[in-house]
Amino acid sequence: MPELSVRLALPDDEEELGRLDRAEWSPLHEVLPEQRPPYRPFFDERHCPDDCLVAEADRRILGYVRLGSPTGLEANAHVRQIQGFVVSAEARGRGVGRALIRAVTEEARRRGARRLTLRVLGHNTPARRLYESEGFAVEGVLPGEFLLAGEYVDDVLMGRRL
């Protein structure tokens, strides 16, 4: 694979990120229904380019991770949360996801966070293994929280100290 780099997203990345998001939609990792035209914008009032890291090689975006605050409360301003994570099918198993998780961990630290959390669907074994290998631990499980493709799926809460 060509040299991989991770950077903050730019407003001009919106179209390519939206295409990637739609192309990789799956009930394995997504609780929202598959998008249909007209497509919602990738960046909005909750998700701005500065809160998104992209992995690219040969000027093509291969994945992204979104960083946000779990609440707007001052009492947990020290916590950041991964609020979206996608790697293109062609790039899986090549270290792209690991590079994004390491980069978002460093970005959260840089922004003053002391903890990084995320939510992952219980049946998403590849993602859970990656998170665990990068220091995340299960901190809670909401059994049967989502009904996806006819199956009840757990919502797994994970976190780590920074």
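## Exercises on a predicted model

In this predicted model, helix α2 goes past helix α3 with a right-handed crossing. Let's start with that pair and then move on to single residues.

**Exercise 1.** Work out how α2 and α3 are oriented relative to each other, and which residues make their contact.

*Solution.* Step one is to pick the descriptors: two packed helices are described by the angle between their axes and the distance between the axes. Step two, get the values: the axes of α2 (residues 96–110) and α3 (residues 125–133) come within 10 Å, crossing at roughly 45 degrees. Step three, classify the angle. Roughly parallel would need an angle under 35 degrees, and roughly perpendicular runs from 65 to 115; α2 and α3 are therefore oblique to each other. Step four, list the residues: α2 brings G97, R98 and I101 to the contact, while α3 brings L130, Y131 and S133. Sorted by class, that contact of α2 with α3 holds three nonpolar residues, two polar and one charged.

**Exercise 2.** Decide whether D13 is buried or exposed, then describe its surroundings.

*Solution.* First, place the residue: D13 sits in the loop between β1 (5–8) and α1 (14–23). Next, check accessibility. The relative value for D13 is 7% and the buried class lies under 20%, so D13 counts as buried. Then look for polar partners: a polar atom of the D13 side chain lies 2.7 Å from the backbone nitrogen of L10. Finally, leave out residues up to four places away in sequence, and D13 is found to touch R7, V54 and I61.

**Exercise 3.** Two residue pairs are each 111 residues apart along the chain: R161 with D50, and D13 with N124. Find how far apart the C-alpha atoms are in each pair.

*Solution.* Take R161 and D50 first: their C-alpha atoms are separated by 22 Å. R161 itself belongs to strand β7 (residues 151–161) and is exposed, because its relative accessible area of 71% is over the 50% cut-off. Now the other pair: D13 and N124 are 27 Å apart, C-alpha to C-alpha.

**Exercise 4.** Hunt down the backbone oddities: a cis peptide bond, and positive phi values at D58 and A149.

*Solution.* Start with what to expect: most residues other than glycine have a negative phi, and most peptide bonds are trans. Scanning omega, you land on the bond from P37 to P38, which is cis with omega near -5 degrees; P38 lies in the loop between α1 and β2 (52–57). Scanning phi, you hit D58, not a glycine, with a positive value of about 50 degrees. Its place is the loop between β2 and β3 (60–68), and D58 is exposed at 58% relative accessible area. A149, also not a glycine, has a positive phi near 50 degrees. This residue is in the loop between β6 (137–148) and β7, and with 69% relative accessibility A149 counts as exposed.

Definitions and conventions: Residues numbered from 1 in each chain as written. Predicted model: local features only at pLDDT ≥ 70, side-chain atom pairs only at ≥ 80, totals over all residues. Heavy atoms only, no water. Axes fitted to C-alpha atoms, helices over the stretch in contact; angles between N-to-C directions. Helix = DSSP H or I, 4+ residues; strand = E, 2+ residues; numbered from the N terminus. Parallel < 35°, antiparallel > 145°, perpendicular 65-115°, else oblique. Left-handed = near helix turned anticlockwise from the far one by under 90°. Contact = heavy atoms within 4.5 Å. Nonpolar A, V, L, I, M, F, W, Y, C, P; charged D, E, K, R; others polar. Buried < 20%, exposed > 50% of the residue type's maximum accessible area, 1.4 Å probe, protein only. Polar contact = N/O pair within 3.5 Å; in protein donor to acceptor, adjacent residues only side chain to side chain.
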